[in-house]
Amino acid sequence: MAQMDVGLKRELEAKVYAGERLTREDGVALYESDDLAWLGRLAHHKRTELNGDRVMFNVNRHLNLTNVCSASCAYCSFQRKPGEKDAYTMRIDEAVRKAKEMENEQLTELHIVNGLHPTLPWRYYPKVLRELKAALPNVKLKCFTATEVQWFEKISGLPASEILDELMDAGLESLTGGGAEIFDWEVRQHIVDHNCHWEDWSRIHRLAHEKGMKTPATMLYGHIEEPRHRVDHVMRLRELQDETGGFAVFIPLRYQHDFVDSADGKIRNRIQARTTMAAPAESLRTFAVSRLMFDNVPHLKNFWVMHGLSVAQLSLNFGADDLDGSVVEYKITHDADSYGTPTTMHRDDLLNIIWDAGFQPVERNTRYEIVREYDKPTSLAERRSEPQQVWA
Ligand code: SF4
């Protein structure tokens, strides 16, 4: 990594402090900087301007209705083919029972994503939403990637607009941000095995925004892409955000490099021979540059399950202001996880993690409205002699 030209460094700094929009070339230059502390300082400035010393979180549960998928994305350890030993599809009552198990955790959101099941009928999806909403009326339903919505178009013959109307009528609050991975075709053609690319992904999110939804957007980084592809990814989203203003949050997701699938000893990830996994410094760099480049999205989320708790805490000084979530079970990552990340976190754990990092926790709902503000953190000077409360 080259040392950045001092003149360029000052120029970029001046742009950030003046609130000027950064260009594609600026984004690539930021990734090339060898000064991680400097990058963090710039991103922290931007993050503090937007969100002060607050860190948002929500109490949610992830539910995957089926792992049966028609596609075979190269990096995916979650999907199973029909008839495979541990392929599963939940009946609607099973899904409701699983969701109800979390009721006493005062969860505010259910996050549901699934494989592209080849034979489940379209009617199953609004029906499961209706039953979940009836069973848990106070819980917001954040469900389906744009890829799934495009799949629903295919299996139902309906246009996305009607699909979204019906899902919203059944209780859908927001789409999820998945299926984005890396939009640049140079990379995408090697990792994605379905037909939902930038044109359809953006069409479906644009539609959701037109219908009043606030949606998240993700980026899967640290595999075969180069920093310029990450910059391109963010530039496309930034442009769409200029048009709709409908993205509430951006979520960089660290690619999980698994060696052996924990469930059955198989290796499913077809790009693992030519990949490693982003090191913590690379993750922090990605958070910082994302915060600086994606200047019109209000929040930057660290989904701690994919980064580990230490990096999640550090990322709060590199642009992130949102920690998701108090997840009880997350199958997609944990099928690829041999890094000892915990599977369970509760509200108190998250509060302690945020306080320990020196920020004020704020509980939010799916639309990023404030549910509750908690105490400010004790200052670092005051608690220097106290042990850390949560060990990552
Ligand atoms: S990433 Fe999604 S669409 Fe691709 S194979 Fe896995 S479950 Fe299927």
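1. A good place to start is Tyr-368, which sits in the loop between β10 (360–364) and β11 (370–373). This is a predicted model, and in it Tyr-368 has a relative accessible area of 12%. Buried means under 20%, so Tyr-368 counts as buried. Its backbone also deserves a look: phi is positive, at about 65 degrees, although Tyr-368 is not a glycine.

2. Where else does a residue that is not a glycine have a positive phi? Turn to Glu-181, where phi is about 50 degrees. You will find Glu-181 in the loop between β5 (172–174) and α8 (185–191). Its relative accessibility is 9%, so Glu-181 is buried.

3. Glu-181 also carries an annotation. The UniProt record, an unreviewed entry, places the feature "binding site" at this residue. If you are browsing the model with the record open beside you, Glu-181 is therefore a position where the burial described above, at 9% relative accessibility, can be viewed together with the annotation.

4. Which residues does Glu-181 touch, once those up to four places away in sequence are set aside? They are Tyr-75, Arg-188, Ile-191, Val-192, Met-219, Leu-220 and His-233. With Tyr-75 there is a polar contact as well, made between the two side chains at 2.7 Å.

5. The same unreviewed UniProt entry is worth checking for cysteines: the feature "binding site" is placed at Cys-69, Cys-73 and Cys-76. Cys-73 lies in the loop between β2 (60–63) and α4 (92–100), and Cys-76 lies in the loop between β2 and α4 too.

6. Are Cys-73 and Cys-76 buried or exposed? Cys-73 has a relative accessibility of 8%, so it counts as buried. For Cys-76 the relative accessible area is 14%, and this residue is buried as well.

7. It is helpful to follow the contacts of Cys-73 in the viewer. Not counting residues up to four places away in sequence, Cys-73 touches Ile-191, Val-192, Asp-193, His-194 and Arg-270. Ile-191 and Val-192 also appear among the residues that Glu-181 touches, so a reader can use these two residues to step from Cys-73 to Glu-181.

8. Now for the helices near the start of the chain. Helix α1 (residues 6–18) holds Lys-9. This lysine has a relative accessible area of 16%, which means that Lys-9 is buried. Leaving aside neighbours within four places in sequence, Lys-9 is in contact with Met-4, Asp-35 and Trp-38.

9. How do α1 and helix α2 (residues 24–32) pack? Their axes are 11 Å apart and the angle is about 120 degrees. That angle makes α1 oblique to α2. From α1 the contact is made by Leu-8, Leu-12 and Lys-15, and from α2 by Asp-26, Ala-29 and Leu-30. As for handedness, α1 and α2 cross in a left-handed way.

Definitions and conventions: Residues numbered from 1 in each chain as written. Predicted model: local features only at pLDDT ≥ 70, side-chain atom pairs only at ≥ 80, totals over all residues. Heavy atoms only, no water. UniProt positions renumbered as here; feature names shortened; annotations may be inferred. Helix = DSSP H or I, 4+ residues; strand = E, 2+ residues; numbered from the N terminus. Buried < 20%, exposed > 50% of the residue type's maximum accessible area, 1.4 Å probe, protein only. Contact = heavy atoms within 4.5 Å. Polar contact = N/O pair within 3.5 Å; in protein donor to acceptor, adjacent residues only side chain to side chain. Axes fitted to C-alpha atoms, helices over the stretch in contact; angles between N-to-C directions. Parallel < 35°, antiparallel > 145°, perpendicular 65-115°, else oblique. Left-handed = near helix turned anticlockwise from the far one by under 90°.
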